[in-house]
Amino acid sequence: MPTLHWVGKDQVRNHHRDVTYRVLRDHYTFKATSSCPKNTVDNKVIQGDNLEALKSLLPEYEGKVKCVYIDPPYNTGNEGWVYNDNVNDPRIKKWLGKVVGKENEDMSRQDKWLCMMYPRLKLLHRLLSDDGSIWVSIDDNAVGILRPILDEIFGVGNFVTCVIWEKADSPRNSANQFSTDHDYILVYSKRPNWVPARLARTAESDSIYENPDDDPNGSWIAGDPFANKPYSKGLFTISGPTGREFSPPPGRFWRVSEDRLRSLDSEGRVWWGPTGDARPSIKRYLNEVGDLVPRTLWKKDVGSNRSSKNEMRAIFSGASSFDTPKPSTLIARILDIAADHDSIVLDSFAGSGTTGHAVLKANLQDEGTRRFVLIEMMDYAESLTAERIKRVMEGYGEKIKRYRGSEVHLRTIP
Ligand SMILES: C[S@@+](CC[C@H](N)C(=O)[O-])C[C@H]1O[C@@H](n2cnc3c(N)ncnc32)[C@H](O)[C@@H]1O
């Protein structure tokens, strides 16, 4: 398998083993006002570098995390944000100097970013359960270097997909070249046989089904009666209700045999058009289709950069200073696919705490007991990350304290 090499790789390859275990220090515990002790769910926000925090989680969580979502800095070189996107934060710089040594002076931004990511991904791999998956948000700046290290750590065979999320709901006309309208989410499973959950059908997905002939079986869509795959019983000519004859076009075959097509017709499952002389279609009934297989293109219905900012404004009464939150609806989609009702969900680049918000919301919807662990290095771990969780648990703006049973512990690394 081709692998990626960069300055510092040799030094970080096994670095996760050398990181010392620390016992997290309790800072405070917050319970939703109307907390219900029987149903208490233990969530954590950890303030500190995720390398040490992830190591400290191993004794309790190794092999137990069902869903990891991370949204690391995208390595754009942008230093104007509240957090530093250039792996140039003094703490990370110091750490790189210590781990990589002299070579550290010749490192490019990509080298530094890879050195930062590699040992953290190694620990995330250990924390993931055998039926778990990891979801990593990234953009074009770093997707090309992220994919080979994920292949190396999680295994090429465990690559599941690369989701494209339409993050912009309008183009940026001031862009020099292209308006970048999407991000990626790389998905890897711990083991090769991972099966994503199907998504519940929606009014939109059902709206393409109709019932123009008042079929007692309910709404249906017209299925293509032909296939490209050669089929020995798939070449025949059949007459419709008006006597008009139909055969497959050259190079195509009926999907079903003549006997089967006649039998489907006798059951009212074949549609010959409104006047009975159109090419036959085989009806696919709404009441016979299952839940939806997840697709790789996620449009604005899972939220956009604009909706996530609106969400933050609603939570912080218009006063949030965080530039790059993800929408909780985006993470909700990931949870629908990758987490069960009682799963542990981990986000080690927590930012504004969107993942915790999405977990609380999911529990509220189905009375689940999912738990989350969030890690954030910056000082705002308390004032923003944990504060958002508190406000969500208090039912911000919703006027009802509905998150009862939830509690969150803020921990720090001594
Ligand atoms: C892109 S933001 C995540 C945004 C988040 N998904 C949200 O919706 O708010 C990346 C976050 O990772 C944090 N971070 C970067 N390096 C870290 C490290 N080594 N340990 C812990 N947090 C880190 C940054 O401070 C920043 O808040």
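T385 is in contact with V45, A350, G351, S352, G353, L374, E376 and Y380, leaving aside its neighbours within four places in sequence. The model is predicted. T385 sits in helix α12, residues 380-393, and several of the elements below include residues from its contact list.

**T385 and its surroundings**
- T385 counts as buried because its relative accessibility is 0%, and the cut-off for buried is under 20%.
- A polar atom of the T385 side chain lies 2.8 Å from the backbone oxygen of G351.
- G351 is also one of the residues in contact with T385, and A350, S352 and G353 are others.
- Among the remaining contacts of T385 are L374 and E376, both of which have bridge partners: D347 stands opposite L374, and Q47 stands opposite E376.

**Strand β16 and its partners**
- Strand β16 spans residues 371-376 and is mostly covered, with 5 of its 6 residues buried.
- Strand β2, residues 41-47, pairs with β16 in the parallel sense over 4 bridges.
- In this pairing, Q47 is found opposite E376 of β16.
- Strand β15, residues 344-347, runs parallel to β16 and is joined to β16 by 4 bridges.
- On that side, D347 stands opposite L374 in β16.
- From β15 the chain passes through helix α11, residues 354-366, to reach β16, and this β-α-β crossover is right-handed.
- Strands of a sheet pair through backbone hydrogen bonds, either parallel or antiparallel.

**Domain division**
- The chain is divided into two parts: domain 1 covers 9-200 + 291-412, and domain 2 covers 211-288.
- The centres of domain 1 and domain 2, taken over C-alpha atoms, are separated by 49 Å.

**The sheet β7-β13-β12**
- Three strands form an open sheet in the order β7-β13-β12, and their pairing is antiparallel.
- The edge strands are β7 (220-223) and β12 (270-271), each of which pairs on one side only.
- Strand β13, residues 281-285, pairs with β12 in the antiparallel sense over 2 bridges.
- Within this pairing, V270 has I282 of β13 as its bridge partner.

Conventions
Residues numbered from 1 in each chain as written. Predicted model: local features only at pLDDT ≥ 70, side-chain atom pairs only at ≥ 80, totals over all residues. Heavy atoms only, no water. Buried < 20%, exposed > 50% of the residue type's maximum accessible area, 1.4 Å probe, protein only. Pairing = 2+ DSSP bridges. Right-handed = clockwise from strand over helix to strand, strands pointing away. Domains from an automatic or database assignment. Polar contact = N/O pair within 3.5 Å; in protein donor to acceptor, adjacent residues only side chain to side chain. Contact = heavy atoms within 4.5 Å.
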